[in-house]
Each structure stands twice: as C-alpha cells, then as structure tokens.
Amino acid sequence: MKLSALVCASSICSSLMFSSVANATDFYDGFDKDKVEGEITFYTNRTDLVEAGVYKRYESEFKALFPKVTKVNVIGFADYQGGLRPRMNTEDYGDIVLILPSVPSKQYANFYEPLTDLYDHDDIYFYDTWADNKGNDVYGISMGNSLEGLVYNKKVLKNAGVKTPLYTIDDLYNAAEKIKASGKIPMYVNFGAQWPLQQWDKFPLVIAGNENVYEDMLDEKAPFSGNTPYHTSLSVLKNFVTKGYTEKDLMTNSWEDSKNTFAKGEIGTMYLGNWVIPQLIENGAKSEDIGFMPIPANKDGTLYAQLNHDWGYAISKHSKNKDTAKAYLKFLIEKSDFDAIAGFIPTLLDKDIQSPQLKEYMSYKPKILTTPINSTEFIAATNRSKIDFYSGGYIQDLITASDFDAALKKLDSRWVKAVLKVRSSEDSRD
C-alpha cells in the first residue's frame with residue numbers, strides 16, 4: 001500500500017502535490033565506485049538507534065556495497081540543535097548532518113552541498129522543502145515522513161467507554177475526563193523530555209485548517225495571547241495540565257519510560273507522529289492494541305491530517321569525502337530498513353508501506369495539510385525573538401509560568417519586536 005493511495009481517500013486528494021508512482025534512479029547511477037571510499041562522519045538525532053547497534057549494521061551493509069569504504073562514524077545528539085549548532089560555527093561538522101530549522105534557505109549554500117543530482121522532483125516527497133530561496137538547488141532530503149495524530153491504546157479507551165474516532169475538541173476533553181476517571185493517564189505529553197512538546201507548535205496548523213498559519217503570525221499583533229490558532233493550541237495544553245489529564249511528574253525526562261508505560265496499558269493517548277508506533281511495539285505493546293486517529297481541533301467535526309517531513313539529510317559543504325557521503329545518504333533512503341524501524345512513510349514515492357494504523361487513520365477521511373515551508377522572514381524573526389519553536393523549551397517555561405496569560409503577552413512582545421526589527425533591517429538593505 002502506498003501513501004498516495006491512502007491520501008486519495010481524502011476529499012482534497014486532487015490538491016495534493018504527490019504522484020502515485022515514481023521511478024527512482026538506479027541506486028548506483030551517478031556513483032564511481034572507486035571514489036566511494038574512505039571514512040565519513042554522520043551526526044544523527046537517533047541516539048536510540050546508535051545505542052541499539054542499528055547504524056553499525058548499516059555500516060556493514062554499506063561496506064558490502066562499497067568495499068573501499070573504511071569507516072562510517074555515527075554520532076548521536078539527544079539535543080540535536082544544541083549539539084550541532086556550535087559546530088556549525090566551524091567548518092568541522094562532519095560529512096552528513098540534519099538541516100537545522102534555524103538556517104534560512106538563502107544561507108543553505110554557505111553550509112551544505114547541493115543534492116539536486118540525487119533525485120528528481122517526482123522521485124521523493126517534499127522535494128522542494130530544502131531548496132534555496134531561488135529554487136535552483138536542493139540541499140536536503142527528508143529522512144522520512146509521518147502523519148501527526150493521536151496514538152492510542154484501544155483497550156484503555158474501550159475500558160473507559162470512549163468511542164473512536166474523536167471528532168471535536170469537546171470529544172477530546174470528554175474522552176480525557178473518562179480516561180482519567182478510569183485511573184489511566186489521558187494524554188502523556190512527555191513534558192520533561194521537552195522536545196515532544198513541539199507537537200503544540202504543530203497543532204495550530206490543524207486548528208487553523210490551512211497551511212498559512214505560521215506566515216500569518218508575521219502580521220498578527222498578539223499571535224500568542226490573541227484569538228489565534230497558537231493561543232488555542234497552547235491553551236489546550238495548559239488545560240490538560242491543569243485538569244490533570246497528563247502525567248503528574250512533569251519535569252522528569254521519561255521519554256523511554258513512557259513507551260513502557262503505554263505498553264503496560266497505563267496511557268490512553270499520545271499526540272505524536274506514526275513513527276512512534278514501532279517504538280511502542282518494540283517496548284512490548286501489541287500492534288493490534290494500538291490505534292491511530294487524527295487529533296480533533298475544532299467544534300464542527302472536520303478532521304485534518306498533518307503530513308510532515310522529518311529532519312532533512314544534508315551533506316556538509318566542507319566535507320572532504322562528498323562522494324561517499326552522498327552514497328551513504330542514498331543508501332539510507334533506498335537500501336536501509338530505516339523507514340520500517342523509524343515508523344516513517346518512506347521518502348521514495350515508489351516504496352511501499354504496510355501499516356494497519358495508517359489504514360485506520362485514513363479511513364476517517366481527514367483533509368490533508370502538508371507542513372509548509374517557512375519563509376526566510378519567519379525564520380529570521382524566530383532567531384531574533386529567541387523563541388525556540390519545535391524544541392519545546394519555551395513551551396515548558398510558558399506552561400509552568402505563575403501567570404499563563406502574562407507569559408503569553410511576553411511572547412507577543414518578543415515576537416512583534418523581532419518582526420519589526422527584521423522588516424526594518426530588510427528596508428534598510430533596500
């Protein structure tokens with residue numbers, strides 16, 4: 001089953017940018033096997049796969065294809081942005097990296113090598129996502145793709161008397177109340193791990209039901225405290241925490257433990273991408289007990305599904321071994337089992353997926369929203385405001401603030417000032 005077949009169940013199938021079948025180039029096309037040699041270093045965010053020895057296996061499989069390769073060093077950062085960003089100030093940041101969201105597209109050429117020669121537009125999902133600001137070159141390739149939604153324990157919801165799917169925001173609150181009354185955790189948000197809180201940076205897209213929600217923030221006077229999708233998203237999280245619908249111990253980093261807790265039947269839902277499902281199964285949950293549905297976000301019952309790319313693979317501009325780095329990147333996309341292990345929808349359009357949870361999700365016929373490409377202006381405002389979108393830090397501070405409303409207004413002030421400075425700087429250059 002291909003994702004495109006699932007997506008066409010949606011009422012907006014015709015507006016999607018995805019083809020049903022694509023012909024990826026032959027794996028060895030464009031490579032001189034004599035030049036794929038030596039040693040490379042890859043900085044990854046998947047510390048779990050490093051520890052589990054998955055990348056060691058990939059190294060062996062890659063060397064079998066290219067015998068002149070001597071070493072593939074894979075180094076993991078639990079806090080990827082915090083670990084890689086200081087290295088980006090030097091020319092020593094390995095050969096393969098993941099593109100940091102804080103790097104504007106107009107600066108890609110300063111840090112990364114063009115990858116336009118690896119794939120065509122019809123070969124992969126999100127082809128243009130990491131194109132330069134002129135759209136001439138592509139510098140990143142998605143490591144995998146996912147749908148966002150509620151991963152749920154079927155037994156927990158059934159025992160609590162919750163019927164699925166949930167269609168409205170009121171359904172979400174009612175379900176949480178029933179699950180809490182049954183003695184289980186309604187929604188485990190992994191507050192202490194911090195990075196899972198990025199889901200509440202994604203929820204505004206679903207609330208708005210359109211892909212312009214982030215760019216709209218550039219013209220909003222109160223994007224966080226006003227009547228906006230962002231305010232709604234953060235308020236839902238605040239309400240869940242206040243009403244005791246989340247884990248009680250908020251500040252302990254319990255990401256790995258949470259998967260065991262889910263498998264033991266103590267958690268009702270987790271708002272994450274479908275990539276987490278294999279990890280839950282690996283930790284003891286039975287596939288048949290795991291459900292997956294869109295997260296409800298409004299009162300009219302319209303369901304939206306957010307299709308995301310994950311991090312983008314890139315090759316360092318300063319790599320001394322670009323041929324080998326490109327070959328390894330292509331190996332990860334085409335030859336490895338990373339998609340299955342990570343629970344991703346494959347980057348290659350012609351790679352099949354088999355997932356009962358994805359079948360369930362799409363049976364509810366949600367309207368598909370694809371993750372938008374942030375403008376250079378938005379990224380510049382983000383950097384200047386020092387609001388760490390998609391990393392969870394500012395959300396931790398906001399939810400634990402003594403005055404939630406005042407904290408929202410402080411975010412407004414930082415954001416609006418940053419936008420004004422960015423725009424005034426642009427005007428001065430003009």
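# A walk through a predicted structure

Val422 is buried, with a relative accessible area of 5%, and the limit for calling a residue buried is under 20%. This valine belongs to helix α18, which runs over residues 404–429. The model is a predicted one, and Val422 is a convenient place to start reading it. Setting aside residues up to four places away in sequence, Val422 touches Glu377, Ala380, Ala381 and Arg384. Another residue to look for from here is Thr382: Thr382 and Val422 are 40 residues apart along the chain, and their C-alpha atoms are separated by 9.9 Å.

From this one residue, turn to the whole chain. The protein has 430 residues, and 56% of them count as buried. Its secondary structure comes to 18 helices and 11 strands. Along the principal axes, the C-alpha trace spans about 65 × 55 × 45 Å. A compact globule of 430 residues would have a radius of gyration near 22 Å, and the protein agrees with this because its own value is 22 Å. Contacts tell the reader how the chain is folded back on itself. Among contacts between residues at least 6 apart in sequence, 78% join residues at least 24 apart.

The outside of the protein can be described in the same plain way. About 18,300 Å² is exposed, and carbon and sulfur atoms supply 47% of that area. The charged side chains number 48 positive and 58 negative, and the centres of these two sets lie 4 Å apart.

Ile295 gives an example of residues brought together from distant parts of the sequence. Ile295 sits in the loop between β8 (290–293) and β9 (304–309). Is Ile295 buried or exposed? With a relative accessible area of 2%, Ile295 is buried. Ile295 and Gly149 are 146 residues apart along the chain, yet 4.9 Å separates their C-alpha atoms. Beyond its neighbours within four places in sequence, Ile295 is in contact with Gly149, Leu150, Phe203, Val206 and Tyr271.

Gln107 offers another pair to look at. This glutamine is found in the loop between β3 (96–98) and α5 (108–111). Gln107 has a relative accessible area of 29%, so it is partly exposed. Asp132 is 25 residues from Gln107 in sequence, and the two are 7.8 Å apart in space, C-alpha to C-alpha.

Next comes helix α10, residues 229–242. How far apart should the ends of this helix be? At 1.5 Å a residue, its 14 residues should span 20 Å, and the end C-alpha atoms are indeed 20 Å apart, which agrees. Several residues of α10 are buried, including Tyr230, Leu234, Leu237, Phe240 and Val241. Just after the helix, Gly244 takes a positive phi of about 75°.

A little further on is Thr246, in the loop between α10 and α11 (255–263). Thr246 has a relative accessible area of 6% and is therefore buried. Leaving aside neighbours within four places in sequence, its contacts are Ile185, Met187, Val189, Phe240 and Val241. Phe240 and Val241 are themselves among the buried residues of α10.

Backbone geometry gives a few more places to inspect. Thr164 and Pro165 are joined by a cis peptide bond, with omega about 0°. Pro165 is in the loop between α6 (154–159) and α7 (169–181). Gln194 is a residue other than glycine with a positive phi, near 75°. Its place is the loop between β6 (185–187) and α8 (199–208). Gln194 counts as partly exposed because its relative accessibility is 29%.

Tyr390 also has a positive phi, of about 65°, although it is not a glycine. This tyrosine lies in the loop between α16 (376–385) and α17 (393–400). Tyr390 has a relative accessible area of 26%, so it too is partly exposed.

The loop with Tyr390 leads to α17. Why can α17 be called largely enclosed by the rest of the structure? Six of its eight residues are buried, so the description follows. The buried residues are Gly393, Tyr394, Ile395, Gln396, Leu398 and Ile399.

Notes:
Residues numbered from 1 in each chain as written. Predicted model: local features only at pLDDT ≥ 70, side-chain atom pairs only at ≥ 80, totals over all residues. Heavy atoms only, no water. Helix = DSSP H or I, 4+ residues; strand = E, 2+ residues; numbered from the N terminus. Rg over C-alpha atoms; globule rule 2.2 N^0.38 Å. Buried < 20%, exposed > 50% of the residue type's maximum accessible area, 1.4 Å probe, protein only. Contact = heavy atoms within 4.5 Å. Areas by Shrake-Rupley, 256 points an atom, 1.4 Å probe, with all protein chains shown as cover. Lys, Arg positive; Asp, Glu negative; His and termini not counted. Charge placed at Lys NZ, Arg CZ, Asp CG, Glu CD. Expected span 1.5 Å × (residues − 1).
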